[in-house]
Amino acid sequence: MVTTRSVHHLRSIGERVRAPLRAELPSPHLELEWRRLGTVDAGHLAALVKEADEAEGAVLEAPASVLIDLVERDDDGPFDTLGGFDRAGVLRAYAGVLLWPAGDVPTVVFYGAVDPAWNGRGLGRALLAWQEGRARQLLSGVPGSGPARLSAFVEEAAAERRRLYVAGGFSPKTTFVRMRRDLNAPIPAPEFPADLEILPALSLPEAAVREAHVAAAHHTWGVGPLTPDLWHRVWERYRPEWSFAVVDPSEGAQVVVGYALCMPHTETMAPTVRTEGSISRLGVVPDHRARGIGRALACHVLRAFADSGVRFATILAEPDVEHSGFALWDDLGFASTTRAMVYGLNL
């Protein structure tokens, strides 16, 4: 005999997400014309995201950068966007959804922003409704019968956006903390394992570094490792002089066991604009953990930042997640500055 519970568990994702035939567009009474964003809109989208973030007091690296990149390249992959334009053709609001199949759980990541001058008109609620419908459509084609989810990265300062997601049935799932270190403070010089070697990461095949990242990355509500295509897009942004990989020569020169990938971050909320060194990804594969590789690699990066004249280093860490490195950054003198939450909805 098959129980009701077991039948539900065996239902496919496509059956369970209840995708609508159409994702409803926001109502005409909102006084905007709606269409999918294209290459010509990429610059306007970046400007809108920046303006909305500054109005909310957001200072973290813009999570919308991946979506902006997809729009700029006019990619036709598993994502969709909706832009609202006023009568003068100015982009006043947008929403985006990106199916992120990597990791253990297929996830649709939500992006969105409204021109601060157009807040209070119901645009956020209308866009969230479109996002959910479109996200369910994207998930309907994913094979399997396991869990699926919707996810949105929201800074703590963005109170209105957080309330919007809570009203839509989302709840906070994990917290990210942005940490900063003054590079004028002494940088430790920990001993590095003699059987390993540090090389410039971008001198190695990007697939080899990604393979190490897939092995090292934890899977949380912050989504799992990047797909090869998205990895390649981000790979082009890393600074060669700041990014390093650890290899084990005994396993082959291209077998990566640790990595640190870094890019510049422009801090715009300070009294004066400044460029900081941002550690975007740092990890060690499980078989080589507890050998001091992560600490040595982190200090190597900090010295590279300092040698290039950068005053501050930053990192985004998950304090409640194992192997996120939060304890390491705290020990190396990083201090927490701002927080963000990932809001999620299980389907």
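**Exercise 1. Classify Asp86 as buried or exposed.**

Solution.
- Step 1: Asp86 has a relative accessibility of 13%.
- Step 2: Compare this value with the classes: buried is under 20% relative accessible area, exposed is over 50%, and partly exposed lies in between (1.4 Å probe, protein chains only).
- Step 3: Asp86 counts as buried because its relative accessibility is 13%.

The model is predicted: local features need pLDDT of at least 70, side-chain atom pairs count only at pLDDT 80 or more, and totals for chains, interfaces and linings use all residues. Residues are numbered from 1 along each chain as its sequence is written, and side-chain values use heavy atoms, with hydrogens and water left out.

**Exercise 2. Find the residue that forms a salt bridge with Asp86, and state how many salt bridges the structure holds.**

Solution.
- Step 1: A salt bridge is a side-chain nitrogen of Lys or Arg within 4 Å of a carboxyl oxygen of Asp or Glu.
- Step 2: The side chain of Arg92 meets that of Asp86 at 2.9 Å, N to O.
- Step 3: The structure holds 16 salt bridges.

**Exercise 3. Locate Glu156 and Arg339 in the chain, and describe their contact and exposure.**

Solution.
- Step 1: Glu156 and Arg339 form a salt bridge through their side chains, at 2.7 Å from N to O.
- Step 2: Glu156 lies in the loop between strand E5 (149–155) and helix H6 (159–167), and Arg339 in strand E12 (residues 335–346). Helices (H or I, at least four residues) and strands (E, at least two) are DSSP runs numbered from the N terminus.
- Step 3: The pair links distant parts of the chain, 183 residues apart.
- Step 4: Glu156 is partly exposed because its relative accessible area is 32%. Arg339 is also partly exposed, with a value of 37%.

**Exercise 4. Which residue forms a salt bridge with Arg178?**

Solution.
- Step 1: The residue is Glu276, and the closest N and O atoms are 2.6 Å apart.
- Step 2: Arg178 sits in strand E6 (residues 171–182) and Glu276 in strand E10 (residues 274–284), so the pair links distant parts of the chain, 98 residues apart.
- Step 3: Both Arg178 and Glu276 are buried.
- Step 4: Elsewhere, Arg36, Asp80 and Arg134 are joined into one network by salt bridges that share partners.

**Exercise 5. Count the disulfides, then classify Cys262 and Cys299 by exposure.**

Solution.
- Step 1: A disulfide is a pair of cysteine sulfur atoms within 2.5 Å.
- Step 2: The count by this rule is 0 disulfides.
- Step 3: Cys262 is buried because its relative accessible area is 0%.
- Step 4: Cys299 is buried, with a relative accessible area of 0%.
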